[in-house]
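Here are my notes on this model, as numbered points. Please read them with the structure open.

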Amino acid sequence: MCFVRPAPRPELQRKFHIQHSQGPRPSADGVIYCDGGTDDQFRAGVDLQLSHWIPNETPERFKADTSTEICLNFVASDDRRFDLVLNNHADVDGVLAVFTLVAGAWALPHRRTLIQAAEMGDFWAWGERPAQALFQSLTLLIRKLQADKTDPNALYLRCFDHVFAVLAGESAFHTEPGLTSLSDSVQLVERGDIARRVLGKHFAQYVIPRRLTGGGGSDLSRALRVPGFNAPLSSECLLWPQARARFDREQVHLVSVEAAAGWYHDLWYPGYVWADTPRSWRPAGLRAQGDSNTHLFDHPALADAVGALAGLERASGQWTLARQLTPFSSLEGRGFPVVLSFLAGDAPAASSLEPELVAQHLAEAYTDAL
C-alpha cells in the first residue's frame, strides 16, 4: 500500500524519547512514562506514569482502558508541568499515546478516532472507518520502519507525520484490502452466513459452517486463525476478532468451525483482558501476577464444564485450558486471547461434539455474569 505524504506538522508541545534510540535521553524537569512501565530513573512525586499496563501508578482521574485515552484525559486537564515523554516500544496504542502528549490540544478533536484505533490494535476491538484507516495504515508503517531497522526516535517522528496527515484528512484508504477483509467478516455475520447466538449477558457463540471452510486447507486455516498482537488486517483471517467485537465487545466468544472431520472449538476472552481496563467488564478466572501484564488463569466453574465435555468427547484429542495469559501467549498452538481449545498436542483438532452442546456447557460457567 502507499502511505500518505507527511503533512506539515504542528509544533510539538513536549519532547519525547524512545528506549533503545541512539540519541541520549534529554534532561527534563518532569517526565511522563507513557504506555509502559517505569525504570530506575522514575522519581516518585516528580514524574508521572500514564499507562494501562499492569501494574501501573496512573492517577485515578486519568484512568481509562487504553493508554491513548489516558493521555487524552491528561491533555484535556491542561497540566503543563511535564516536558518529556518516554516510551519503550512501538505499537499503535504506544505511538498514539505519545502522539497525543506531544500534539497536545491539537489531538483532542480527534479523540474518538484515536481511541478506537488504539483499541483495534491492543484489544482486537471494533472501530469505525476513520479508526480502521488509521489503525491499518499505522500498523503497516510501523512494521515497515521496524523491518528497515529505523531508529526508534526516527520511527516515532515518521509515525507522527503520518498520524497528522491521516487525521487532517489527507489520505483515503477506503479500498485498502485489509479493510475490505474486515468488512467481509462483518457481512458474513450480518447475512447469517456465520451464525451468531447470544447465551447470556456475557457469552456469545459464532458458528462457521463447512461451506465457508471448503474441504479444509487454506480456507480452514483462515477460519481457525488467531491473529497476533497488533496484527494488520488481511485476507489471512476469515472472521476477524475486531468484527466479532462490533457485535459482542464485552463477551466471552465460543467460535465453532465445521470441517469434514468434525468441529473445531475455541473459547476467546475479550482482547482487552490483559490490560488495566476499568471501564470494561472483567471475566472470571484472571489473576494478575504483578509482572508486566502476566495473569494466571484459574476458573473452577469453567474447569468443571471442560471436564464434562471431556467425558462426552469421542474424538482423539484433549480439551485444554490455558494456565497463564499475556497479550502475546496463552495456549500453545492457539495464542492469546484463546483460553480453551480442543487440541491434539499443540495443534487444533476436530471434536465430535456439536456447537450447541459445547455452548450449553461453557455458557453455564458464566451464569454469574447474567
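1. A definition comes ahead of the sheet: two strands count as paired if DSSP finds at least two bridges between them. The model is predicted.

2. By that criterion there is an open sheet of 3 strands, in the order β9-β10-β12. Its pairing is antiparallel. The edges are β9 (286-288) and β12 (324-325), since each pairs on one side only.

3. Look next at β9 and β10 (residues 295-297). These two strands run antiparallel and share 3 bridges. One residue pair can be named here: Leu-286 has Phe-297, in β10, as its bridge partner. As background, strands of a sheet pair through backbone hydrogen bonds, in either a parallel or an antiparallel sense.

4. On cysteines, the disulfide count is 0. Cys-71 is in no disulfide. Its nearest cysteine sulfur belongs to Cys-34, at 3.8 Å. A disulfide needs the two sulfur atoms within 2.5 Å, so this pair does not qualify.

5. Are the cysteines Cys-71 and Cys-237 buried or exposed? Cys-71 has 0% relative accessibility, so it counts as buried under the 20% cut-off. Cys-237 has a relative accessible area of 2% and is buried too.

6. Ala-44 sits in the loop between β2 (31-34) and β3 (48-50). Ala-44 has a relative accessible area of 68%; the cut-off for exposed is over 50%, so the residue is exposed.

7. A distance to check from that loop residue: the C-alpha atoms of Ala-44 and Glu-57 are 9.9 Å apart. Along the chain, Ala-44 and Glu-57 are separated by 13 residues.

Notes. Residues are numbered from 1 along each chain as its sequence is written. This is a predicted model: local features need pLDDT of at least 70, side-chain atom pairs count only at pLDDT 80 or more; totals for chains, interfaces and linings use all residues. Side-chain values use heavy atoms; hydrogens and water are left out. Helices (H or I, at least four residues) and strands (E, at least two) are DSSP runs, numbered from the N terminus. Buried means under 20% relative accessible area, exposed over 50%, partly exposed in between (1.4 Å probe, protein chains only).
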